[in-house]
Each structure stands twice: as structure tokens, then as C-alpha cells.
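Visitor: I am new to reading protein models, and I would like to go through one slowly, with a question at each step. Could you show it to me before we begin?

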Amino acid sequence: MKTFFNDTQCGKHEARSVMIDMEPKAVNWAVQDTTGKEWRYAKSQQFVQKSGSGNNWSYGFKVHAPKCKDAIIDLIRKEIEKCDYFGGFLLLMSLAGGTGSGLGAFVGNVLRDNFPRATVLNPVVCPYTSGEVAVQNYNAVLSLSHIIAVSDAVCLLHNNQLHEICHRLLGIKQVSFHDMNKVAAHQLASVLLPIIQDKQSGSRFQNVLNDIASALVCNSRYKMLDLKCVPYMSPHTMAFNTFQWEGLAKRMFQMMLTDHHMDEGLNWRTTLTRPHGKTQRSSTYTKYVSSLLFMRGQGSTSYDLLTQFGDSRLYPTWIMPACRNSVWKTELPFRGYEKCIAFLSNGTSCVKSLNVLTEEAWDMFGSKAYLHHYYKYGLEESDFINAFATVENVIYSYKTL
Amino acid sequence: MTQSIMIQVGQCGNQIGCRFWDQCLHEHAFYSKNGIYDDAISSFFRNTETYSDETYDLPMRTGSNKINKLKARAILVDMEEGVINELLQGQLGEIFDSKQLITNSFGSGNNWAVGNKEYGTMYREQIAEQVRKAAELCDCLQCFFVLHSTGGGTGSGLGTSLLSILQDEFPEVYRFVGAVYPSSDDDVITSPYNSMLATYELTEKADCVLPINNQALINICNKVQQAVRSGKFEKPTEKNAKPFDAMNNLVANVILNMTSSSRFEGSLNVDLNEIVMNLVPFPKQHYLVSSLSPLYISKDVALPPRKLDQAFEDLFSKDHQLMLSDPRHSLYLACALMVRGKNVQTSDLNRNIAKLSRNLSFVNWNQEGWKTGLCNLPPIGQQYSLLALANNTCIRHTFTDLKDRFVKLYSRKAHVHHYEKVDGFESLLFDESLNSLTGIIKEYEEMEKTTLSGTAQSTDRLQLV
């Protein structure tokens, strides 16, 4: 409990969070949503302005950010002071808008400058590829170029994937953002909830963020993480299901090989087998730098996944066997699921979406569309080119794995 | 929350404005039944108290402020007193402060030069003063809405001269303009001149223009009223309804829907600054064609409700556009879809966008150029309402028509002397306006040619050395 919440005198748990937005509606809604629950947001930890950023990354980064910098650092320091043992930051933002992406990128820089030794894990939301915001690709490329440099790890969450999970696995006919956010929260919680793995060390304080970063990010060229979970079920089908580790592991392995986000619609023909000693072409299955498996539920400690998921064919030769894959286990079930597996990986999963966004953004940049809105607030052509170069670099590093 | 100031200029502007304030008050009264003055109402209204003939603004305390006397954040300008006087004598008179009115009695004689140069100079200081005062009373001013017609003298001339005042005094605040363009059978002979000169100013000084055509509005009203009359039961028409009221209501509905997200809650909020950001890829191409679906004039006069997916389809048909145009067969540069309704979710939006994208052409560098918004509260009497604001090359046909009518008159220099005799007006302006419009038409044409003919080349990606 103490990892993410602070206990207050009135008995309610207070979330260790700082909420920042340039316009009040979303924050107000979130705060009101906690009425009647066992926890709440601390009253003083919200920083809200009135006018919004107009989906303009440049406005969020160049205009709002410098004005709010001091107030934000203040709020962060206050929150850190409440911690006994400060582990790191979880910076949650979206890539498509103006505040989340622009001000978010700035906050990432601020965290790195002011708290150089803290771990920063950055889950970011990628918008629907069919378009939510016309300039989403510009905003995404600009943000990514900054956060890749300052965060320890960046985890991409995709609206498209969350939507599909809600629709096909959870059976929700009319999917709302609320439903999708619940799935995203489920995914993050499945990897961030502490697992006391080593009873012998006696340490009851686990620095979750640091452990994840050191397990997955061994080289600063490779920081992009991907999250997959299994199973997802709607509450009424859960009662009729029996959970077996073997079944879950098999589905998760296939999801890992084919880089699919759900255990439905999987391509079972892709396998690791080498016909007659020749190696399978690496483009047919996903390659990884390193990966982490979380097993939550009864019987997890006695089931071995390491050999299957740690197969050397999935990883580059320069990674030491011990660093390729780890499995963290706990007997405690998660959110009503008797058994579940979460897979947090650092691999080529990010290439597809990064490629799409960069391609579209570059096309738009080529025709100089919308640029006057960005240049108005101090951004220049060279800033765009640098941003493109950074993201292309990341794509290249992963492609050549 | 942000505030907006409405500036209504000329006869047409004020009549539309009147309908807007009427609908706006109804909407807020409906959704704010306990009479609290909250963020939503403050976007267009001030809460005031009157002591000894002076009105003072009541500050908004969190949550518990009762509405005392609402005053609209508006400035009403007209060089003829008829329309404004009628407004003041009606039910809406209460919401306007006498200081917000700027009137004269001589009119502009349907002459853009008189409106822009003569009255523009005469009233510049007074207008600037009123704008400054209104802005001071706002906590966080986000945009100005200017309502006018382009065919006449006051709305067209003085309305556009006002834009330069707004640009100088408040460069950071967005200038949205609702401009009513004359139909081809307009009875004002000089309307092509006035519209051309006005369009030049709109291109240079507005951030975003929503062009509207009277003929399109008439067609829509006829469609709705026919459906209402042929319905199973007769719906009563509003008392004291005037002939233009129905048409003006449509325009008012567009503005209400456009600002719904900045006033009410929703799962995907869209502020007015986001509209400009996403729909204006190049500074001068800021003309957005609007369309509504389902069509409704007021809560009692509307087409019968249809299935949501059908409403999305209708939104892109030419019968629902507020401009005589057919965007489906032209090229989209970008399109905003703003949806109001309790039961509409992101999955409905996505499903329909996927369907629509197959049949609509988007410019090659903005294939997914959609901006979507979801607001929880629908308009009164409707289950849901969809608004599309499209930056589409079909506008070039309207501009070409305007250009042709202009050239017909100008080639003979007919009526030009009326303009030239006004102090401050130079006949060079005619040529400049013509050049500007020709330029815009050409740009839209170019984009259409490149994308629709398939000759667009995508630039090579950045190669790493």
C-alpha cells in the first residue's frame, strides 16, 4: 500500500501523485470520481490552469512550461518529502495533445535536471491511428524525441489495442475512454504492484521502478517497452473459467512471438523451430533485448517459464543469458483473476507504431502543413529535424537487432 | 474555463446574434436547474448586480453562487437603430448593458467603404474601449466571435474593420467569424464588391471563418418544416417567430455546438484553440464549411430522430451543409467532428470515421486528418447532435462564383464611384482583393490536382548517416 499511497490522519489513503493540466475539466472529474472511495487525491497536489494548450506541442513546451516550472517542482518536492524511501517517478502522459505531450516532455526534462538519480518510467498513450487529433503525429514525434533522452524507460500504450481488448475480449459493445483507461490501468498495475520476491534478503521495500529499469534497460539505445497481459475477461465469464499456468503461458508465448496484444486472433503458425539447422529469418518473429515476466497467482512459484521465454533465438547475441529474461512471482492473485501473466518487454514491438507515426509526420512536414502554429511560439525547423532524427535513430537501433 | 465575447455587427449579424442569445439562455437554463452561476454559464454571461444604476460584476465563488442578473458578454454594433431597438424591447433586452451598444442612425447604404473607412475610423476608439472593458471582465478570454454578413455595408465594412482592432489589441485571442455570404440572386447590386472586399480582410485578419449561404439555410429550413408538417402530429411553431428566425437559429445552433465542449463536460473535450490548431494547416486557408446532423431548428421543430450511424452519413451529404457546396466530391484538408450526447462513445466515433474515410478524399499528407470531440450534454430536445467543420476545397467554387460576379461588375467599373468618393478608400483595394481571392482559389485547386490525380510524391524519409 505504501508504495503508491500515503496514509493520512483521517484514515483515507492519499495517492502519491501530482496532477498537472492546463485546463481544469479532466482533473476536476478525476478528483470527483474518488468520492466515496477508500482513497483520494491530496488537495494541494493539483496544478491546473484555465486556458489549455490547444493541441499545440509548441505552446505546451515553450509557453506554459517555463511559467509553471517552479510551481510544479515545488509540488513534486512536497510529495517526495512525504516518502520514507523515494524510488522514482511514473510520468503518465499522452502523445497526441498539447499539454500532455508538450508540457509532459518539459516535465520529463525537469525531473531529470532536478532529480538526476531518480528512476523515471514513462508510460505514454499513442492515439488511434485513424486520427483523433490532426496534428497528433507532429506532437508525438516532438515528445518522443525529448522523453527518449531523459526517461529511463518509455512504455507505449496504444489506444487501438486498448480499444480492441475492450471490444473483443471484454465484450463491451460501446467502448468508452473510461473502459480503455481501466484496461490501461490494469496493465500498469499488473507490473507495478510490488512483488516480494526474495524472502531471504528480508527487504520489505522494493524499488519497483528501479528494478524494472535495471532488468530491462541495459543499454541507453534501447528504452522502449511494451506491455502485454493475459487473460482479460469480463466479470460474468470469469466465474466459468478455470485458469491453468500451462494454457496462459502458451498463449503469452505466442503473443510474444507474434507481437500481438491479445490472446485472440493469434497466428499460431509462427514458431521458433529451425528447419534442418538453418535459422528462421528474424523478421518472422519479434526480437527482444530483454524481458520481464510477472506471474501472479497460486502455484506461480512452482511453475517454470524461464526456459521457454529465455530462449536464445529471441535475443541478440551480445546479451548475457542471465540478463535476457527474468520471472517475478507472487502467490497473491491480482484483481479477481486467479492466475495471470504480464509481460513487460524491451523489443522490436515499438517499431511498427513508431514507423507509422514518423512516416505520417514526415509527409506532413514535407508539405509544411500546420507548421506556422508551431513556429509562432518559438519552435524552429531545426527542432523538428532533430526530433525526426532522434526517433529515426531509435527505429534503426531496433530494426538492426 | 474560458470565456468568449460575441460581437454582432450590422442587421444580419444582430439578428443571428439575437437567436444565439435566446438559444444559449434556454440551454443553460435547462442544464443548470438549481440556478447556480457556474463555469459553463460564465463562458458567455456575467453575473451582475445593480446598485444605483451602476452594474457590478459578481465574482464566481466555487460552487455556491446563485444567478442574480445575467449580462451577455457581447458588443452590438449597427449603424441603423431598427434591429437593435427591436432587440432591446423584446425579452432579451435585459441581458444587454446599454454601454455594450454602439449605434448610429444613418446606415451605410450597402457600401463597404462607408462601413469600413468612414464608420471604421469614426467609431474605432469607442469600439476598442468597449472591447477592452469586456475583455477585462473575463478571467481567461479565449476567443472573439464576430457575426456579420458580407453583402451589405455595415456588417461587411465595419465588421471587417473591427477585426483589425481585435488583432492589434488582443493578438493572442482567436478571432472566429461567422460570415453570411449573399446568394446569387441577392437583391443588393453591390454585394459582390462588398463581399470581395470583406473576404480580403477576412483572409488577412481572421483566424477562422465559417462561411454561410442564405440559400443553403433556406433549403434546410424548408426540408425541416416540410418534415414537421407531414409528421403524424402538428408541432406548434414558435410564437412571434419571424421569417429569418428559423435560418438564424441554424447558425446559432452551429455556434452552440462548437462551443459545447468548452462549456460542458465530456470524455473528449475540444477547446476553440484546438479547432484552429487542427483545421488550419496554412494561415490563409481558414475557411471551414459547417454542417449539422440531425437537422433541428429549435427543440420543437426538428426532423424525426434517426439512427446514429445514419446521422453520420447525412452529416456529409450536401443537403446538410450550411454553404451551397458538395464537400464529398472535393478534397478534405482536415475535418472536425464534434458530437454531443449522453450515449455516444468513442467506439461509435471510430466506427463511423472508418466508414466515412473510405468514401471521402483527404489530402495526401493528412490522410487521417480528423479532430474528434465528445460532449456529454446534447442540445435541448435532441438525443444527440453532430457538427462537422470541414476545411474542404469545395469552398473554391463559392469563391469562383463570387469572383465571376465581381468581375462582371468591375470590368465596367459600375458603381465604383460610390466607393471611391469615400475618404480613405483607394481603388487599388479592388485589385488587391481580387488578387488575394484568385490566389486562394488557385491554392485549393493545386491541392486538389496533386492529390486527386495521384501525382503526389511522398518525400523520402530522413536517412541516418
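Visitor: In which loop of chain B does B:Pro294 lie?

Guide: A word on the ground rules comes before the reply: this is a predicted model, in which local features need pLDDT of at least 70 and side-chain atom pairs count only at pLDDT 80 or more, while totals for chains, interfaces and linings use all residues. Residues are numbered from 1 along each chain as its sequence is written, chains are lettered from A and ligands numbered from 1 in the order in which they are written, and side-chain values use heavy atoms, with hydrogens and water left out. Helices (H or I, at least four residues) and strands (E, at least two) are DSSP runs numbered from the N terminus. On that footing, B:Pro294 belongs to the loop between β10 (289-293) and α10 (308-315) of chain B.

Visitor: What is the omega of the peptide bond that joins B:Ser293 and B:Pro294?

Guide: The bond joining B:Ser293 and B:Pro294 is a cis peptide bond. Its omega is about -10 degrees.

Visitor: Which residue of chain A is joined to A:Pro231 by a cis peptide bond?

Guide: A:Pro231 has its place in the loop between β10 (224-230) and α8 (235-238) of chain A. The cis bond that leads to A:Pro231, with omega near -5 degrees, comes from A:Val230.

Visitor: Is A:Asn55 buried or exposed?

Guide: A:Asn55 sits in the loop between β5 (46-48) and α2 (57-81) of chain A, and it has a positive phi of about 60 degrees although it is not a glycine. Residues are sorted by relative accessible area, with buried meaning under 20%, exposed over 50%, and partly exposed in between, using a 1.4 Å probe and protein chains only. Because its relative accessible area is 7%, A:Asn55 is buried.

Visitor: How is B:Lys413 classed by its relative accessibility?

Guide: B:Lys413 also has a positive phi, of about 50 degrees, although it is not a glycine. Its place is in the loop between α12 (395-410) and α13 (416-420) of chain B. Since its relative accessibility is 48%, B:Lys413 counts as partly exposed.

Visitor: Which residues of chain A does B:Thr346 touch?

Guide: B:Thr346 lies in helix α11 (residues 346-359) of chain B, and its relative accessibility of 2% makes it buried. Contact means heavy atoms within 4.5 Å. Not counting residues up to four places away in sequence, B:Thr346 touches B:Leu374 and, from chain A, A:Tyr128, A:Val175, A:Ser176, A:Phe177 and A:Met180.

Visitor: How far apart are the C-alpha atoms of B:Val177 and B:Leu147?

Guide: B:Val177 is found in strand β8 (residues 174-181) of chain B and is buried, with a relative accessible area of 2%. Leaving aside neighbours within four places in sequence, its contacts include B:Val146, B:His148 and B:Leu163. Although B:Val177 and B:Leu147 are 30 residues apart along the chain, their C-alpha atoms are separated by 6.0 Å.

Visitor: In which strand of chain A is A:Thr119 found?

Guide: A:Thr119 is buried, with a relative accessible area of 7%. Among the residues in contact with A:Thr119, apart from neighbours within four places in sequence, are A:Gly87, A:Gly88 and A:Phe89. A:Thr119 is found in a strand that covers residues 119-126, namely β8.

Visitor: How much of the span of residues 85-107 of chain A is helix?

Guide: An unreviewed UniProt entry lists residues 85-107 of chain A as "transmembrane region"; UniProt positions are given in the numbering used here, feature names are shortened, and annotations may be inferred rather than shown by experiment. In the model, the end C-alpha atoms of this span lie 22 Å apart. The span is 22% strand, and its helix share is 39%.

Visitor: What is the radius of gyration of chain A?

Guide: Chain A has 14 helices and 13 strands. The radius of gyration is taken over C-alpha atoms, and the globule rule that serves as its yardstick is 2.2 Å times the number of residues to the power 0.38. The rule gives 21 Å for 401 residues and the value for chain A is close to it, so chain A is as compact as a globular protein of that length, with a radius of gyration of 21 Å.

Visitor: What percentage of the 465 residues in chain B are buried?

Guide: Chain B has 14 helices and 14 strands, and its C-alpha atoms fill a box of roughly 70 × 60 × 60 Å along the principal axes. Of its 465 residues, the buried ones make up 61%.
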